[in-house]
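Here are some notes for a first look at this structure. Please keep the view open while reading them.

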Amino acid sequence: MSDLASELARVGVARFTAPEYAPGNVVHVVLFRFRPEVDQRAKDEVEHRFRRLQSEPDAERGAYILSIEAGTQASGEGAGGGFELGFVVRFASEGDRNYYVGAPVQTDPALFDPAHAAFKEFVGPLIANVLVYDIVD
């Protein structure tokens with residue numbers, strides 16, 4: 001069982017996704033590698049829809065995403081792993097991050113962002129690989 005799954009089992013889903021749960025600087029990094037047939041127009045739509053997650057507040061929770069930064073891979077180090085588009089999402093608490101992530105961490109639809117769930121459904125067929133890395137500072 002992962003650390004998050006253990007914590008969810010310990011505290012319960014309502015607390016685990018509450019805005020006041022584990023406050024701090026939470027950084028959620030998401031990197032996409034697209035399928036070869038995905039054109040630039042579709043990639044631009046992915047970025048547009050992802051950014052919209054911050055600008056259109058959740059109906060139940062309001063504006064809970066502090067910021068979203070996005071861009072294409074621009075490093076000259078040669079260590080990009082083939083990832084093409086990246087996002088840095090900031091939250092004020094682990095509870096906000098847990099609410100945002102939803103499945104597979106927790107599956108109660110009343111306690112995760114439906115807009116993010118819809119985005120994952122949209123982007124799934126377009127990506128060959130995704131890397132998600134969370135930093136809690």
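1. **A term to start with.** A residue is called buried when its relative accessible area is under 20%, exposed when over 50%, and partly exposed in between. Buried residues make up 35% of the 137 residues in the chain. Please bear in mind that this is a predicted model.

2. **Fold order.** The chain holds five helices and four strands. In sequence order they run α-α-β-α-β-β-α-α-β. The radius of gyration is 15 Å, close to the 14 Å from the globule rule for 137 residues, so the chain is as compact as a globular protein of that length. The C-alpha trace spans about 40 × 30 × 25 Å along its principal axes.

3. **Contacts across the sequence.** Take the contacts in the chain with a separation of 6 or more. Of these, 72% are between residues 24 or more positions apart.

4. **Surface and charge.** About 7800 Å² of the chain is exposed. Carbon and sulfur atoms supply 54% of that area. There are 13 positive and 21 negative side chains. The centres of the two sets lie 2 Å apart.

5. **The core.** In soluble globular proteins, nonpolar side chains tend to be buried together. Here the largest nonpolar core has 22 residues. F32, F34, V46, F50, I65 and Y100 have the most contacts inside it. At least two core residues come from each of β1 (23–34), α3 (40–55), β3 (85–93), α4 (94–101) and α5 (114–123).

6. **F32, a core residue to click on.** Which residues does F32 touch, leaving aside its neighbours within four places in sequence? V46 and F50 are among them. F83, E84, L85 and F87 are also in contact with F32. Further contacts of F32 are F119, V123, I127, N129 and V130.

7. **V89, in strand β3.** Is V89 buried or exposed? V89 lies in β3. Its relative accessible area is 0%, so V89 counts as buried, the cut-off being under 20%. Beyond its neighbours within four places in sequence, V89 is in contact with V26, V27, H28, F50, I65, S67, I68 and Y100. F50, I65 and Y100 are also among the residues with the most contacts inside the largest nonpolar core. The C-alpha atoms of V89 and L66 are 7.5 Å apart, with their positions 23 residues apart along the chain.

8. **S67, in strand β2.** S67 lies in β2, residues 67–72. Leaving aside neighbours within four places in sequence, S67 is in contact with Q54, V88, V89 and R90. S67 and V88 are 21 residues apart in sequence. Their C-alpha atoms are 7.9 Å apart in space.

9. **A115, in helix α5.** A115 is found in α5. With a relative accessible area of 40%, A115 is partly exposed. Its C-alpha atom is separated by 9.0 Å from that of Y100, 15 residues apart along the chain.

10. **Two backbone points to check.** Most residues other than glycine have a negative phi, and most peptide bonds are trans. What is the peptide bond from A103 to P104, cis or trans? The bond is cis, with omega near 10°. P104 lies in the loop between α4 and α5. A22 is the other point: its phi is near 50°, a positive value in a residue other than glycine. A22 is found in the loop between α2 (13–16) and β1. A22 is partly exposed, with a relative accessible area of 25%.

11. **P125, in a loop.** Where is P125? P125 is found in the loop between α5 and β4 (127–136). The relative accessible area of P125 is 53%, so this residue counts as exposed, the cut-off being over 50%. P125 and V38 are 87 residues apart along the chain, and their C-alpha atoms are separated by 9.6 Å.

Conventions. Residues are numbered from 1 along each chain as its sequence is written. This is a predicted model: local features need pLDDT of at least 70, side-chain atom pairs count only at pLDDT 80 or more; totals for chains, interfaces and linings use all residues. Side-chain values use heavy atoms; hydrogens and water are left out. The radius of gyration is taken over C-alpha atoms; the globule rule is 2.2 Å times the number of residues to the power 0.38. Buried means under 20% relative accessible area, exposed over 50%, partly exposed in between (1.4 Å probe, protein chains only). Contact means heavy atoms within 4.5 Å. Accessible areas come from the Shrake-Rupley method with a 1.4 Å probe; for residues, only the protein chains shown count as cover. Lys and Arg count as positive and Asp and Glu as negative; His and the chain ends are not counted. The place of a charge is taken as NZ of Lys, CZ of Arg, CG of Asp or CD of Glu. A nonpolar core is a set of buried Ala, Val, Leu, Ile, Met, Phe, Trp, Tyr and Cys residues joined through side-chain atoms within 4.5 Å.
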